[in-house]
Amino acid sequence: MPNTLASPNAPASLDLQSFLDGRRMSGLQWRVVVLCFLIVAIDGIDIGLAAYIAPAVRREWGLSVAELSPIFVSALLGMMAGSLLFGPLADRRGRRFVLLASVATFGLATLATLFATNVTELSILRFIAGAGIGGASPASVTLTAEYASGKRKLSIITLMMCGNSMGSAFGGVVASQIIERHGWHAMVLVGGVLPLLLLPVLWMLLPESMRFLALRRPHEQNRLRALGRQIAPDVVTSQTTFAARETKQSRSPVRELMVAPYARGTLLLWAAFFMGLSVLYLMASWLPTIITNSGGSMRNAALVTALWSIGGTTGGLLLGRVMDSARPAWVLGAAYAVAFVTVICIGRAFGNATVLAPLVYIAGVCISGTQVGLNGLAATYYPTANRATGVAWATGIGRFGSILGSSIGGVLLGSGMAYPVLFLIVGVPALLAALCMFAMPASRREPASALAPALTPGNSGTR
């Protein structure tokens, strides 16, 4: 039994934050990271689903480019609703509950898409699937942040979130192989079955957040001890109790986002999410259609879009490492500035695949990868009591930007605007996101060397 290894001098009461942050990652903690990685990877497949099947649906149903917009927009509306509703629920009912409910929702809704016969039915089902996706991704970020420990917390969070872009890339590769051979229904089948296969694994292996339990359910000490023994069996005894350094807040989690000391950072995070997601979703949703309209095949369109997602994976891993040792918001601001220049260059590269491919990859690094890092920044900015709400509402507000990006893509393409002008317009939100990040206040979780002079090293770990 693990208890036999416990030190007789082990403290009877442990501060949970110090317990988790003061040691290397255990098997339990890495299990949480892996399971959350799988959730957001399947999220990535389903998020990109509409973009991958859109050309085939358009051809089969005889639709115009503009008539495809409801399919994209409905999923994004669902994601927005899911983020805004599931975030506060995760802060009240728990991260595990929300993750199980979300995965079941988008799996079943995607599978039901097999029976859609028109744009209206497809859009309704994409809305429901989007609601599940909108709840799953922020809850995954939150749970990972609350189990990650050590000096590489942001690296671990961004590593987990890279599952999203890797899932999207995997979806692009699968789509390039099966849609032309077996039709778009085959791709929908893949997107619906995978989350339902993952669901029983999550039920058996995914734990609740220890930070959430200590803050919201401190009476469940047996449950906390059982989890604690899997992390440090030589420290936790049958008499050990865990206490949360934080206190439960009297206001609602949403209201807490808009009071000191979080209000300014909240508004800047919301603006950056809005701008970043508007560019990300315009590019991810319409890039395959733009390439096919320019004379490329559906296979090439899917492969180039997959390159965008691979760039997002690379960018998330790279930026996470840099963010652990530098001012995280400034790192993201610099990446958004590079994205602005790259998107402009993409508008001048159509027709030249040799130039277009690396530019799309770099744009993926700086836009999709930066969005991964932005989730990590949000997760470390807020305390446990409203962390899920903070991440989810930032994502939810950002969905307005994704809806705008997806909607305006059809309008811009339908206008006949020259690609250099079109992509100049597309790049402007990336520049605005960069400005938001450079204005972002320092998080108390940042390294002392990266903080503003007014924040002393002694204050750097107060949360």
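# A cavity between two domains, and the helices around it

By class, the residues that line the largest cavity in this structure are 17 nonpolar, 14 polar and two charged. I start there for a reader new to this structure, and I should say at once that what we are looking at is a predicted model.

Let me stay with the cavity for a moment. Rolling a probe the size of a water molecule over the atoms shows where empty space is left. When the whole structure is searched in this way, four cavities of 30 Å³ or more are found, and the largest cavity has a volume of about 480 Å³. Its lining is made up of 33 residues, and those that lie nearest its centre are Ile 47, Asn 164, Leu 280, Tyr 281 and Arg 399. Which helix gives the most to this lining? That is helix α12, residues 263-293, which supplies six residues. The lining also draws on both domains, with at least three residues from domain 1 (11-247) and at least three from domain 2 (256-441).

Now for the chain as a whole. The protein chain has 17 helices and two strands, and of its 463 residues, 59% count as buried. If we take the contacts in the chain with a separation of 6 or more, residues 24 or more positions apart account for 82% of them. I would like to make that figure concrete by walking through some individual residues.

The first stop is helix α4, residues 69-93, where we find Ser 83. Ser 83 counts as buried because its relative accessible area is 0%, under the 20% cut-off. Leaving out residues up to four places away in sequence, Ser 83 touches Pro 88, Gly 134, Gly 135, Pro 138, Ala 392, Thr 395, Gly 396 and Arg 399. You may recall Arg 399 from the list of residues nearest the centre of the largest cavity.

Pro 88 is also found in helix α4, and at 16% relative accessibility Pro 88 counts as buried. With residues up to four places away set aside, Pro 88 touches Ser 83, Val 254, Thr 389 and Trp 393. The C-alpha atoms of Pro 88 and Ala 392 are separated by 8.0 Å, although these two residues are 304 residues apart along the chain.

From Pro 88 we can step across to Thr 389, which lies in helix α16. Is Thr 389 buried or exposed? At 0% relative accessibility, Thr 389 counts as buried. Beyond its neighbours up to four places away in sequence, Thr 389 touches Gly 87, Pro 88, Asp 91, Pro 253, Val 254 and Leu 257.

Helix α16 covers residues 387-414, and Leu 413 lies in it as well. Leu 413 has 18% relative accessibility, and therefore counts as buried, the limit being 20%. Setting aside neighbours within four places in sequence, Leu 413 is in contact with Val 65, Trp 286, Ile 290, Tyr 419 and Leu 422. For one of these partners, Ile 290, the C-alpha atoms are 7.9 Å from those of Leu 413, with the two positions 123 residues apart along the chain.

Leu 422 takes us into helix α17, where it is among the buried residues, together with Phe 423, Val 426, Gly 427, Pro 429, Ala 430, Ala 433, Ala 434, Cys 436 and Met 437. Helix α17 runs over residues 419-438, and at 1.5 Å a residue its 20 residues should span 28 Å; the C-alpha atoms at its ends are 29 Å apart, which agrees with that expectation.

Met 437 leads on to Ala 329, which has its place in helix α14, residues 328-346. At 0% relative accessibility, Ala 329 counts as buried, and beyond its neighbours within four places in sequence it is in contact with Leu 377, Met 437 and Met 440. Ala 329 and Leu 377 are 48 residues apart in sequence and 7.4 Å apart in space, C-alpha to C-alpha.

The last stop is Ala 54, in helix α3, residues 49-61, where a relative accessibility of 4% means that Ala 54 counts as buried. Apart from neighbours within four places in sequence, Ala 54 is in contact with Leu 68 and Phe 72. The C-alpha atoms of Ala 54 and Pro 288 are separated by 8.6 Å, and the two are 234 residues apart along the chain.

Technical notes. Residues are numbered from 1 along each chain as its sequence is written. This is a predicted model: local features need pLDDT of at least 70, side-chain atom pairs count only at pLDDT 80 or more; totals for chains, interfaces and linings use all residues. Side-chain values use heavy atoms; hydrogens and water are left out. Helices (H or I, at least four residues) and strands (E, at least two) are DSSP runs, numbered from the N terminus. The expected span of a helix is 1.5 Å times one less than its number of residues. Buried means under 20% relative accessible area, exposed over 50%, partly exposed in between (1.4 Å probe, protein chains only). On a 1 Å grid over the protein atoms alone, a cavity is a set of points where a 1.4 Å probe fits but cannot get out, and a pocket is an open set with protein on both sides within 12 Å along at least five of seven lines; lining residues have an atom within 4 Å of a point. Grid points are joined across faces, edges and corners, and a volume is the space filled by probe spheres set on the points. Ala, Val, Leu, Ile, Met, Phe, Trp, Tyr, Cys and Pro count as nonpolar, Asp, Glu, Lys and Arg as charged, and the others, Gly among them, as polar. Domain bounds come from an automatic or database domain assignment. Contact means heavy atoms within 4.5 Å.
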